[in-house]
Structure formats: structure tokens, C-alpha cells
Amino acid sequence: MAKLLLLNGPNLNRLGKREPEVYGSETLDDIEHNVREVVEAVQYQLDAKQSNHEGELIDWIHEAEGVYKGIIFNPGAYTHTSIALRDAISSITVPVIEVHISNVHQREEFRHTSLLAPVCRGQIVGLGTAGYQLAAKYFTLND
Ligand code: DQA
């Protein structure tokens, strides 16, 4: 059975409480539940992980090689800072879709640049938590 990995980076465990005017009221559990529904409807399997630690995210990306068909990844603020995460994504052949709940381009200038997007399959920005489900749909459509 094909498997997808849903990966969330720093501060995304605070969804639901964190700046609801920017990120909405859904929790990370709600997001995982909704993505699981999309994935399981087509007989795929989903693993979901969240970490506030760059190194742990890097380890999980390395371990994804040969295991997952795709990774749905919201790297949080590491998007804008982490060459190490970019190198980790480049080091595997599993395609990664970068997801942002908010429209980072409407926000502070420092959020306009992603160090990761150039090595990702694609990027979904500003569509709220639906972005995660759309990324899952992409991976399940492209068999
Ligand atoms: C975010 C956008 C980032 O700039 C921010 O640091 C986050 C969340 C988003 O989902 O909109 O933590 O990745």
C-alpha cells in the first residue's frame, strides 16, 4: 500500500490557539484527520509527524527515502532560514510539496522567500488548511 508522510515544522502544534486571525481555528489534529480521509479514500496510508526541532525534521526526511511516495511538508519558519532542510530534501528522491496555510506573500518581507521551494515538487500557499488536502490529492492522483 502506498504511503504518504505529513510533516509539520515548528509552532504548528500550536494551531487552533496560535494567531487564529492568520491561521484559523483548526488544530493540527483536525488537519491530520482531514488529510487522512483524503488519503484513505484511495487506499493510501498516512503517517503524520510534527517537530519543533530542525534536526529531527532532517532525520525524518532522510528516513522517508524508499518508504513514502510523497511528503506534504509545512516547514513553518524554517522555510525562510534553513539551508540544512533544503539539503535534506535534495538528498532524497521522494517528492516534497511545501504547504503554507497563510499567504506568505501578503505578509512580512522575510516570509516572501522560501529556501526550500526550488527543491520541492511544488508549493501551495494561502489556501488555508485545505492546502494540505490538495497536496494529498496531487500525490494520490499521480499514479
Ligand atoms: C507558515 C508560514 C511561515 O512563515 C510561518 O513561520 C509559519 C506558518 C504557514 O503555514 O502559513 O510558522 O508556514
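1. The largest nonpolar core of this predicted model has 21 residues, and the members that touch the most other members are Leu-4, Val-35, Ile-72 and Tyr-132. At least two core residues come from each of strand E1 (3–8), helix H2 (28–40), strand E4 (96–100) and helix H5 (130–141). H2 gives the largest share, five residues. In soluble globular proteins, nonpolar side chains tend to be buried together.

2. Leu-4 deserves a look on its own. Leaving aside residues up to four places away in sequence, Leu-4 touches Val-39, Tyr-44, Gln-45, Leu-46, Asp-47, Tyr-68, Lys-69, Gly-70, Ile-72, Ala-136, Phe-139 and Thr-140. One of these, Ile-72, is also among the core members with the most contacts to other members. A second core of 19 residues lies apart from the largest one, and its members include Leu-7, Ile-71, Leu-85 and Ile-92.

3. Next, the sheet. Five strands form an open sheet with parallel pairing, in the order E2-E1-E3-E4-E5. Which strands stand at the edges? They are E2 (45–50) and E5 (122–125); each has a single partner strand, so one side of each has no neighbour in the sheet. On average, and with direction ignored, neighbouring strands are turned by 20° against each other.

4. Within the sheet, strand E3 (residues 70–74) pairs with E4 in the parallel sense over three bridges. Ile-72 has Ile-97 of E4 as its bridge partner. Helix H3 (residues 54–64) packs on the sheet and touches E1, E2 and E3. The direction of H3 makes about 170° with that of E1.

5. Four salt bridges are found in the whole structure. One of them joins the side chains of Lys-3 and Asp-47, at 3.5 Å from N to O. What does this pair tie together? Lys-3 belongs to strand E1 and Asp-47 to strand E2, so the salt bridge links parts that are 44 residues apart in sequence. Lys-3 is partly exposed, at 22% relative accessible area, and Asp-47 is also partly exposed, at 23%. Asp-47 is, in addition, one of the residues touched by Leu-4.

6. Glu-108 takes part in salt bridges with Arg-107 and with Arg-111. The N to O distance is 3.9 Å for the pair with Arg-107; for the pair with Arg-111, the closest N and O atoms are 2.7 Å apart. Through shared partners, Arg-107, Glu-108 and Arg-111 form one network. Are its members buried or exposed? Glu-108 is partly exposed, with a relative accessible area of 34%. Arg-107 counts as buried at 19%, because the cut-off for buried is under 20%. Arg-111 counts as buried at 15%.

7. His-100 lies in strand E4 and is buried, with a relative accessibility of 5%. The side chain of His-100 is joined to that of Glu-98 by a polar contact of 2.6 Å. Residues up to four places away in sequence aside, His-100 touches Asn-74, Pro-75, Gly-76, Thr-79, Gln-123, Ile-124, Val-125, Gly-126 and Leu-127.

Definitions and conventions: Residues are numbered from 1 along each chain as its sequence is written. This is a predicted model: local features need pLDDT of at least 70, side-chain atom pairs count only at pLDDT 80 or more; totals for chains, interfaces and linings use all residues. Side-chain values use heavy atoms; hydrogens and water are left out. A nonpolar core is a set of buried Ala, Val, Leu, Ile, Met, Phe, Trp, Tyr and Cys residues joined through side-chain atoms within 4.5 Å. Buried means under 20% relative accessible area, exposed over 50%, partly exposed in between (1.4 Å probe, protein chains only). Helices (H or I, at least four residues) and strands (E, at least two) are DSSP runs, numbered from the N terminus. Contact means heavy atoms within 4.5 Å. Two strands pair if DSSP finds at least two bridges between them. Axes are lines fitted to C-alpha atoms, for helices over the stretch in contact, and angles run from 0 to 180 degrees between N-to-C directions. A polar contact is a pair of N or O atoms within 3.5 Å; within protein, one must be able to donate a hydrogen and the other to accept it, and residues adjacent in sequence count only if both atoms are side-chain atoms.
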